[in-house]
Structures are given as C-alpha cells and as structure tokens.
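Hello,

Here is the structure I promised to pass on to you. My notes on it follow below, so please have a look at both together when you get a moment.

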Amino acid sequence: MSYRTTALAAAALSLAALVPASFASAADLPVKAVKPIVDVPFFLVNDNRLTYAYQFDATSPGFASKTAKQVYAFTHFDVWAYGTNFINVDLVKSDHRDPASPCIGVIGVPNACAGAAEFYGLIRSTFGWNELFHTKAFSMGPLHNISFKVGADGETENQFLAPNKKDVVAGLQFEFDLPYKGFFNVSPLYYQEWNHNTFTTPGFVPAGFTGLPDGNTHFKATWAVEMNYYMDLGFLPPSMQYFAISGRAGFYGPKGRGDYGAFTLPATNNTKMEINSEPIRLTFDASKLVWGDKYSHFVDVWVAYRFWQNKFGLDDTNTANGVCYFANGTNNHSCTERTLYSGVTVKF
C-alpha cells in the first residue's frame with residue numbers, strides 16, 4: 001500500500017471515531033459491497049540485465065582497421081504510468097591493436113601496449129501522449145502511441161585521442177505494433193554534441209587553425225533519427241519457438257567541424273552523416289528451452305551484425321582528414337566498421 005493510500009485510510013478511521021452514536025443504526029442498513037482499492041506499483045515493468053559480448057572485427061579510427069573488443073554491459077528498462085526509461089552502460093575493452101595511452105611501444109615488438117578501455121552510458125526516456133492526455137486518440141491501426149522523447153549520452157576512453165563525448169537528444173517517438181507481440185519505433189530528434197580530440201590541442205596545430213585550441217570540440221546542433229524493432233518468430237512450429245529478431249539504427253546528421261568562438265578548424269575537419277546500426281540480431285531463448293515459459297528470456301544467447309559508417313562523424317571518403325586515410329591516399333578502413341557481434345544476456 002502506498003503512503004498516500006495509508007494516510008487516507010488513517011484519516012478515515014480517525015473521523016469515524018467522532019461520529020455520534022445516533023448514526024450507529026446506519027450500520028444495520030444493507031449496503032452495496034465496495035471493492036477494495038488496488039495499489040498500483042509505480043513501475044509497471046522493471047527489467048535489469050547483464051551482458052557479455054564479443055566484437056570480432058571492430059575498428060578504431062586512425063589506429064586500427066580491425067580490433068577485437070570485449071563488451072560488458074548493464075541494461076535497465078522500466079515502464080511507469082506516463083512512459084518508459086531505458087539505460088545502458090557499456091565497458092568496452094579493445095585488444096592490443098587499439099592501444100591505451102600513453103603507449104610508446106617497444107622496438108621490434110608490434111602491438112606491445114595494452115588495449116584501450118572505453119566507458120559509454122546512454123539514457124532515453126519517453127512520455128506517451130495517450131498517457132499524458134488520458135486518451136486513446138494516438139492509437140490507430142498499427143500506430144500504438146506517440147511520445148515525447150529525451151535522452152543523453154556520455155563516453156570516455158583512455159586512448160590517444162582522449163575522447164570525452166557528451167550529447168543530448170530531444171524529439172518525438174512514433175510507436176508501431178508488429179506481429180507476434182513485436183514493435184517498431186522511429187524517433188526524429190534534435191542532436192547536440194560536445195567532445196574532445198587530441199589533434200585539436202596546441203601541440204598539434206596544423207595549417208588552417210585560428211585562435212587558441214584546447215582540445216575541446218563544440219559541434220553544431222543537427223538532426224538525428226533513431227529506430228529499433230523487436231519480434232518473436234511466432235510463425236515457427238511450437239517446438240522451435242525459442243527465437244526472436246531485433247535491431248536498431250541511428251542516423252546522425254553532419255555536425256560541422258567542432259570549432260567554436262574565435263577558435264576555427266580547417267574544412268578538412270568537416271563531419272558527415274553517421275550511421276550507427278545493428279540491423280539484425282538473432283536471439284535464442286535458452287532459459288525457455290531449459291526451464292519453460294515461466295523463465296522466458298532470463299538467459300538469451302544471441303548473434304548480430306554491426307555496421308557503423310563514418311564512425312563518430314568522420315568522413316570515410318575524405319582523403320585529407322588524416323584519420324581515415326594513410327599519407328599515400330589509401331583508405332585505412334578504420335572509419336567504417338563491419339563486424340560480427342555475439343553475446344550472452346542474463347536477466348536478474
């Protein structure tokens with residue numbers, strides 16, 4: 001029982017003690033039974049999961065066209081009276097091909113330094129129009145709801161470039177139903193990012209700079225579109241209904257060069273539209289197979305494909321940016337990532 005319900009009940013009992021005795025006969029009159037008030041929990045859904053995953057051929061722009069990465073993740077999702085909250089926190093550990101900084105190296109021993117470690121956190125919250133306005137007007141056909149959406153990201157990595165990303169997003173989310181208890185969400189958003197780049201510090205001032213760079217980058221506001229979907233493969237025979245597919249994609253518009261105030265960067269630092277996606281993930285519900293429907297999705301084993309073009313907004317076709325191309329004009333394939341991605345997720 002909530003505090004508010006308890007307080008109202010206590011007040012009612014205290015008032016009953018002051019009722020005159022002449023009203024006692026009313027207790028003998030037949031009255032219609034009143035259903036007890038059901039105390040609704042604040043969180044209608046509260047889901048927490050831990051994941052271990054492995055990226056076989058990840059990249060690190062300017063450093064490695066292929067670097068294996070181990071991912072340790074915590075994910076939280078909840079539903080409350082007016083919307084949802086999604087939180088994801090990743091610790092990503094690269095192999096030796098993406099070295100931690102400082103790394104001087106050893107003559108004759110390639111990739112001698114330990115791999116970099118990256119921390120990434122993300123939050124997205126929605127506020128449903130049906131819930132806010134107490135209506136079903138925003139549910140029609142496959143459209144399930146329209147929501148306000150807000151969120152933020154934060155990232156840091158002990159690598160030479162010393163990234164320190166912070167961004168905010170705000171916009172709408174359109175939610176659609178798919179067969180077999182599935183859904184598809186699409187969100188047009190406002191996007192604003194701040195970051196850090198070692199190549200924009202005073203020790204790396206090439207031609208084209210003006211002002212006094214300090215390593216920080218303030219990107220221009222731009223547009224973004226985020227999408228995600230999920231669907232059980234309910235069309236399979238009952239003996240095989242342990243599989244689901246899901247995916248996501250984020251499209252982020254060009255955000256300028258990162259300069260601000262009197263500090264300017266050359267045109268070679270212009271960014272391009274970034275596509276950060278996992279177009280498909282195949283999930284096997286191992287706990288349902290072993291322990292039955294009651295434990296569905298308590299242990300998931302999955303495999304996915306990851307595609308990340310113009311990573312961090314770096315133009316993969318720009319031969320002059322000094323990151324995505326070698327000095328001889330050859331693409332080093334570090335600014336676009338294509339990798340198999342597999343892991344195990346446990347609910348607790």
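**Salt bridges and disulfides**

Asp47 counts as buried, with a relative accessibility of 14%. Please keep in mind throughout that this is a predicted model. The partner of Asp47 is Lys347: their side chains meet in a salt bridge, with 3.6 Å from N to O. Lys347 belongs to strand 13 (residues 337-347) and Asp47 to strand 1 (residues 43-60), so this salt bridge ties together parts that are 300 residues apart in sequence. Unlike Asp47, which is buried, Lys347 is partly exposed at 26% relative accessibility.

Before the other pairs, a little background on the chain as a whole. The protein chain has 348 residues, and 39% of them count as buried. Its secondary structure comes to three helices and 13 strands. Among contacts with a separation of 6 or more, 61% are between residues 24 or more positions apart. The accessible surface is about 19600 Å², and carbon and sulfur atoms hold 68% of it.

Back to the charged pairs. In general, side chains of opposite charge can pair when their charged atoms come close. The count here comes to 14 salt bridges, and two others caught my eye.

One of them joins the side chains of Glu226 and Lys149, again with 3.6 Å from N to O. Distant parts of the chain are linked here, since Glu226 sits in strand 9 (residues 222-232) and Lys149 in strand 5 (residues 143-157), 77 residues apart. Both ends are buried: Glu226 has a relative accessible area of 10%, and Lys149 has a relative accessibility of 8%.

The other is between Lys311 and Glu337, whose closest N and O atoms are 2.6 Å apart. Lys311 lies in the loop between strand 12 (299-309) and strand 13, while Glu337 lies in strand 13, so the salt bridge ties together parts 26 residues apart in sequence. Lys311 and Glu337 are both buried. There is also a network to look at: salt bridges with shared partners join Arg124, Lys149, Asp153 and Glu226.

Now for the cysteines. How many disulfides are there? The count is two, and with bonded cysteines counted along the chain they follow the pattern 1-2, 3-4.

Cys103 is joined to Cys113, with 2.0 Å from S to S. The link of Cys103 and Cys113 is right-handed, with 90 degrees about the S-S bond. Both cysteines are in the loop between strand 3 (83-94) and strand 4 (117-128), ten residues apart. Cys103 is partly exposed at 34% relative accessibility, whereas Cys113 counts as buried at 16%.

Cys324 is joined to Cys335, also with 2.0 Å from S to S. Here the link is left-handed, with -90 degrees about the S-S bond. Cys324 and Cys335 both lie in the loop between strand 12 and strand 13, eleven residues apart. Is this pair buried or exposed? Cys324 is buried, with a relative accessible area of 0%, and Cys335 is likewise buried at 0% relative accessibility. The loop between strand 12 and strand 13 is also where Lys311 lies, if you would like to view these residues together.

Happy browsing, and best wishes

Terms used: Residues are numbered from 1 along each chain as its sequence is written. This is a predicted model: local features need pLDDT of at least 70, side-chain atom pairs count only at pLDDT 80 or more; totals for chains, interfaces and linings use all residues. Side-chain values use heavy atoms; hydrogens and water are left out. Helices (H or I, at least four residues) and strands (E, at least two) are DSSP runs, numbered from the N terminus. Buried means under 20% relative accessible area, exposed over 50%, partly exposed in between (1.4 Å probe, protein chains only). Contact means heavy atoms within 4.5 Å. Accessible areas come from the Shrake-Rupley method with a 1.4 Å probe; for residues, only the protein chains shown count as cover. A salt bridge is a side-chain nitrogen of Lys or Arg within 4 Å of a carboxyl oxygen of Asp or Glu. A disulfide is a pair of cysteine sulfur atoms within 2.5 Å.
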